[in-house]
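Got your viewer open and your selection tool ready? Let's walk through this one stop by stop.

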Amino acid sequence: QAKNSGRNQYCFYHASAGQQNVDELKLEQALREALRLQQLDVYYQPKFTLDSQQLVGLEALVRWQHPQLGVMSPALFIPLAEKLGLISTLGEQVLQRVCLQLTQWHNCTIPVSVNISALQLADSEFVTRLHHIIRLADVPPQRIELELTESCLIPEQAEQTQYQLTQLKALGFKLSIDDFGTGYSSLSYLRRLPIDTLKIDQSFVRDLPDNPGACQIVSAIIAMAKALGLDVIAEGIEHQQQLEFLRQAGCNQGQGYLVSAPRPAQEFAPLFKADITESG
Ligand code: C2E
Ligand code: MG
Ligand code: MG
Ligand code: MG
């Protein structure tokens with residue numbers, strides 16, 4: 001525990017890095033405070049079919065409105081939370097928020113995905129805690145998808161990871177590999193994992209359709225997904241030509257600014273929150 005619990009780390013910084021030291025300390029305190037007060041917010045980005053743009057899922061993406069710095073990117077504060085040993089707390093707050101949302105969105109039948117950090121999987125209680133949260137909220141696991149990056153699949157923990165994913169799958173969670181193509185997971189390892197979906201990383205999608213390398217990688221990932229019997233979804237679709245390429249290459253689903261950026265929860269209310277008048 002001690003190695004994760006924050007403040008001691010700063011002893012190792014050089015005095016010349018004093019200002020950065022102070023800034024980081026302030027950021028650290030602000031993040032701890034935001035977690036303590038459960039101030040983090042969750043936005044939702046639609047997933048849609050590429051042929052008819054039908055809504056097939058939502059991805060929950062954490063947002064932090066810093067009191068002075070404004071909206072902070074998760075690309076900045078997720079690594080900080082990981083470094084401070086706060087990522088499990090953060091992840092659990094996001095899942096709780098999503099569950100609460102689902103109980104309010106009476107008409108939402110599509111799954112909502114939640115991003116999971118590799119460090120959360122390192123906790124042997126991970127599966128139990130996740131299950132506990134959704135049970136408390138009375139949300140069936142089938143409504144939740146867990147997005148794991150390839151960094152979750154580190155070979156040193158292959159057995160524990162395989163065991164955890166098998167448990168999660170057995171409980172009914174959907175599982176996907178996020179940012180696929182940027183890590184090092186071997187085919188033989190992937191084949192043993194009970195995953196449902198590969199998410200093609202946006203760095204490849206960005207270079208479609210003019211970059212031959214990107215086109216080949218994307219086509220290969222789609223072929224691999226099909227060979228493994230997995231669904232495939234592309235993230236970061238911004239242009240119609242990218243969507244066209246993906247569709248013709250056999251990818252059925254996508255996500256990206258072309259159709260919708262992540263939006264605050266309340267914007268989905270008209271879609272999902274029907275007036276159900278309780279009878280009796
Ligand atoms: P990710 O899970 O791969 O999410 C996709 C990111 O790409 C999101 O950035 C999303 O807003 C952005 N994006 C979506 N469509 C487009 C597009 O068309 N073009 C471009 N350029 N970007 C697009 P965001 O929300 O800033 O999140 C960044 C990363 O932070 C996520 O990548 C995920 O790895 C991590 N993250 C976000 N929320 C959580 C969370 O609750 N828990 C954990 N552990 N990680 C999270
Ligand atoms: Mg994701
Ligand atoms: Mg991704
Ligand atoms: Mg990404």
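Here is a tour of a predicted model, going from its strands to its pocket and then to its salt bridges.

**Stop 1: strand β2**

Start by selecting residues 55–66, which make up strand β2. Nine of its 12 residues are buried, so the rest of the structure largely encloses β2.

Now add β1, residues 41–49. β1 and β2 run antiparallel and are joined by eight bridges. To see one pairing up close, pick V42 and find V62 opposite in β2. The two strands form a hairpin with five residues between them, and in that hairpin Q53 takes a positive phi near 55°.

Next, select β3, residues 70–72. β3 also runs antiparallel to β2, with three bridges joining the two. Here Q65 stands opposite V71. This is a hairpin too, with three residues between β2 and β3.

One more neighbour: which way does β4 pair with β2, parallel or antiparallel? The pairing is parallel, over three bridges. Click on L58 and look for V112, its bridge partner in β4.

**Stop 2: from β4 to β5 and β6**

Keep β4 (residues 112–116) on screen and add β5. You'll find β5 at residues 144–149, and five of its six residues are buried. β4 and β5 pair in the parallel sense over five bridges, and I116 stands opposite L148.

Then select β6, residues 174–180. β6 pairs with β5, again in the parallel sense, over five bridges. Look for T149, which stands opposite D178 in β6. To follow the chain from β5 to β6, trace through helix α6 (residues 158–171); this β-α-β crossover is right-handed.

**Stop 3: the largest pocket**

Switch on a surface and look for the largest pocket, which has a volume of about 1,000 Å³. Which residues come closest to its centre? Of the 39 that line the pocket, those are E59, L61, P74, N115 and D178. You've just met D178 as the residue opposite T149.

Try colouring the lining by class: 15 residues are nonpolar, 14 polar and 10 charged. Several elements supply at least two lining residues each, among them β2, β4, β5 and β6 from the earlier stops, and helices such as α2 (74–83) and α3 (87–104).

**Stop 4: salt bridges**

How many salt bridges does a search of the whole structure find? There are 13, and here are three to click on.

Select E147 and K47 first. Their side chains meet in a salt bridge, 3.0 Å from N to O. E147 sits in β5 and K47 in β1, so the pair ties together parts that are 100 residues apart in sequence. Both E147 and K47 are buried.

Next, go to D196 and K169, where the closest N and O atoms are 2.6 Å apart. D196 is in the loop between α7 and β7, while K169 is in helix α6, 27 residues away in the chain. D196 is partly exposed at 22% relative accessible area, and K169 is partly exposed at 31%.

Finally, select E244 and R247, whose salt bridge spans 3.0 Å from N to O. These two are three residues apart in helix α10 (residues 240–248), so about one helical turn separates them. E244 is partly exposed at 25% relative accessibility, and R247 is partly exposed at 35%.

For a last selection, show K47, E59, E145, E147, K199 and E235 together: salt bridges that share partners join them into one network. Among them is E59, which you saw at the pocket.

Key: Residues numbered from 1 in each chain as written. Chains lettered and ligands numbered in written order. Predicted model: local features only at pLDDT ≥ 70, side-chain atom pairs only at ≥ 80, totals over all residues. Heavy atoms only, no water. Buried < 20%, exposed > 50% of the residue type's maximum accessible area, 1.4 Å probe, protein only. Helix = DSSP H or I, 4+ residues; strand = E, 2+ residues; numbered from the N terminus. Pairing = 2+ DSSP bridges. Right-handed = clockwise from strand over helix to strand, strands pointing away. 1 Å grid on protein atoms, 1.4 Å probe; cavity = no way out; pocket = protein on both sides within 12 Å on 5 of 7 lines; lining within 4 Å. Points joined across faces, edges and corners; volume = space filled by probe spheres on them. Nonpolar A, V, L, I, M, F, W, Y, C, P; charged D, E, K, R; others polar. Salt bridge = Lys/Arg side-chain N within 4 Å of Asp/Glu carboxyl O.
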